[in-house]
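User: I am new to this structure and should be grateful for a close look at a single part of it. Please take one region and describe how its pieces fit together.

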Amino acid sequence: MTGVVQGVGFRPFVHRLATAAGLSGFVGNDGDGVFAELEGDPVAVDAVVARIVASPPPLAHIDAVTAHAVEPTGSAGFEIVASRASSGAATFVSPDLDVCEDCRRELFDPADRRFRYPFINCTNCGPRFTITLATPYDRPATTMARFTMCQRCQAEYDDPTDRRFHAQPNACPECGPRVWIESDGDQVGDRIADPVAAARALVAGGGIVAVKGVGGFHLACNARNDEAVSELRARKNRIEKPFAVMVADLATARSIVLLSDAESEVLASRRRPIVLAEARTDVSADIGLSPAVAPGMKRLGVMLPSSPLHHLLVEPGEVWVMTSGNISAEPIVKDNDEARRVLTHLADALLLHDRDIHVPCDDSVVRLLGAEELPVRRSRGYAPLPVRLGFDTPPTLAVGGELKATFCLAAGRDAFMSQHIGDMENLETLAAFTAAVDHMQTLFRIHPEVLVADLHPRYLSASWAERAADGRPVVRVQHHHAHIASVLAEHRHAGPVIGFSFDGTGYGTDGTIWGGEVLVGDLTGFERVGHLAAAALPGGDASVRRPYRMALSHLYRAGLPWSDAIPAVAATPAVERAALRHQLETGLNSVDTSSMGRLFDAVASLAGVRQVVSYEGQAAMELEAIVAPDEDGAYAFGIADGAVADGAAMTGSVIDPTPALRGVLADLAAGVGPGVIAARFHHGLARTVAELARRIRRETGLGTVVLSGGVFQNAILTEEVTGRLAADGMTVLRHRIVPPNDGGLALGQLALARHRTK
Ligand SMILES: [Zn+2]
Ligand SMILES: [Zn+2]
């Protein structure tokens, strides 16, 4: 058996099955996986193999089972044999998972010796990836090494019939890690018998507590207390970006959000991601949450407790804000000393423990499209499960993009996507990136022969790759091609396909900023067969932060007047308006962009939804949030062929938003509300995508369409495009394993490099 089969109770599981079936033989571990020899009645042997495949231990993740017949040896009894030395092949490490049912029962059982012990775990649950320093996964190679097991824990650890047989983080109150609370550097925990109760009291009283979790610190407060939530925003300098909340159980979750069966299932899965679910009403209203939790959002990020400590902290009926403990844009804090330095002025107290986190790992975020998971951030609970490739790759490291950075380390058929690292904009994130790369290389013993980076000349990840290469080749690949390739890699599809790659920004092969791209291609190359009409991005980042500038730029490009009655124009200070016009006329300090994300910004601004953003994607998310559900009108878009701009021939179709912008202005003048405008924009764009796909199918014969890029996190757009294309008999491939945003880019980079260097 290969896959995640070590450190997950696989050998005792096989032992139990074989013994129960009266078989003899043995089971063991080596660097390639788990091996077993079963001897006895052939029917019973087949039944045991079938059981192994059909219902493996909860944490196991079987990639492959190979079986062949061997001569009977006449052995008696069944044993677990000592581990064989590793052959050096990649071994898998399980993600960190929440407590299992058995451990949870013990956690709340007053008669159990681990009653209310925050570090209870067993072979079927608990921390893995974040505490593992190296492989093979064994206690000395984890941050549990410094805790010596007491006699009772050791006895469990040594007993093949025990649930804690070889559970490396096994611990109890007598021998394991402990929790304490600190305030102003004073370890008051030593004087407080129950630090969890002390933290609860602080939160109940409106305080903010930094809680050390599985993959790093959270800042926690009562989500029903408006003063506390606002205070947290002020201290964190996080103006509007939504906070996630933690609740104890599904019943409490259902009191604040509407949950489909699929959403409930994912929420309650032991991966414990944040699920973006629809708030029961406007977040501020009846459900009693502070309006500062998720301003402007229709969806709320909800999660259930992800460690025993969280189970003890958050009680049924309560709603806690749980946001990453970090300074804006820096990586999540994971060490006690770092927390004392960085989080002391953000929190009233620190709830610390002495089980070290070796690598930080943020919470994962998902939303559901029907029954399908759409990853928004793939991190704790998911990383480092490999993506199984449809091709063999030499040892390769793909370093991803700039925002929402992740990397991909791969060899053979396994692509290990890293946890979420953060935005590669500062030295702290760069250091975290380097540490995470080192860690994964150690764990999986992959020594990259090739590096892959984005084409962008100023991405920190790309310059990191060039520096780290040390003579090894660095393959540079185009951003939007990599997005499409990422979906292809997930689906083990070779292409060619029709690809829609819509996002905020990516460096084009012509030196302009792309982001509304229609590509036809496969893993070996692509042709840009269409794109959104390019508009100026005057002042670069200034136009990203202030969507009204993008609105005026799009009006200018379309030849539409800047009338004072338009919210975007009214929001532009007179001085800035004049400067902007000058910039647009002269092209001064301005680049062209075909970004679809910026078009969403422009429309959000025109409709009066959002003029200035405080986090990436805010305007587009708010535009999606207000879409009027019953409106099915749609704005028209032009599709022009073979346009020529600035002397540079542009191949293929240009998506011209001018008719749509005219429609927005006419609706504004007629007093149509922003919800209807938002709806008509979404429906119009979806129909345009479908129409383009039909045209390209006619020309190329291709019937498979790939959707990728951050814009396809938009569920309304993605579901409508998918529905229309499916109705036309086309196959739609979209992300299920890695995010459509730049958090999934590295997987596509890897796939492209493999096919470039063949
Ligand atoms: Zn357990
Ligand atoms: Zn113990």
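Analyst: The following account concerns one nonpolar core and the helices and strands associated with it.

The model is a predicted one. Its largest nonpolar core has 66 residues. Within this core, the residues with the most contacts are Phe500, Phe600 and Leu606. Helix α21 supplies the largest share of the core, namely eleven residues.

Phe600 offers a convenient point of entry. Setting aside its neighbours within four places in sequence, Phe600 touches Ala620, Leu623, Phe681, His682, Leu685, Val711, Asn714 and Leu717.

Helix α21 covers residues 674–700, and helix α22 covers residues 715–727. Two packed helices are described by the angle between their axes and the distance between the axes. For α21 and α22, the axes come within 9 Å and cross at roughly 35°. The crossing of α21 past α22 is right-handed. On the α21 side, the contact is formed by His682, His683, Leu685, Ala686, Arg687, Val689, Ala690 and Ala693. These residues meet Ile716, Leu717, Glu720, Val721, Arg724 and Leu725 of α22. Sorted by class, the residues of this contact comprise nine nonpolar, two polar and three charged. His682 and Leu685 of α21 and Leu717 of α22 take part in this helix contact, and Phe600 is in contact with these three residues as well.

The account now turns to a strand. Strand β21 spans residues 497–507 and is mostly covered, with nine of its eleven residues buried. β21 pairs with two strands. With strand β22, residues 513–521, the pairing is antiparallel and runs over eight bridges. Tyr507 is placed opposite Ile513 of β22. The hairpin of β21 and β22 has five residues between the strands, and Gly511 in this hairpin adopts a positive phi near 85°. With strand β30, residues 704–708, β21 pairs in the parallel sense over four bridges. Here Ser501 stands opposite Ser708 of β30.

Finally, the core described above is not the sole one in the model, for another core of 53 residues lies apart from it. The members of this other core include Val8, Val48, Met440 and Leu443.

In summary, α21 contributes the largest share of the 66-residue core and also packs against α22 at roughly 35°, while β21 pairs with β22 in the antiparallel sense and with β30 in the parallel sense.

Key: Residues numbered from 1 in each chain as written. Chains lettered and ligands numbered in written order. Predicted model: local features only at pLDDT ≥ 70, side-chain atom pairs only at ≥ 80, totals over all residues. Heavy atoms only, no water. Axes fitted to C-alpha atoms, helices over the stretch in contact; angles between N-to-C directions. Left-handed = near helix turned anticlockwise from the far one by under 90°. Contact = heavy atoms within 4.5 Å. Nonpolar A, V, L, I, M, F, W, Y, C, P; charged D, E, K, R; others polar. Buried < 20%, exposed > 50% of the residue type's maximum accessible area, 1.4 Å probe, protein only. Pairing = 2+ DSSP bridges. Core = buried A, V, L, I, M, F, W, Y, C linked by side-chain atoms within 4.5 Å.
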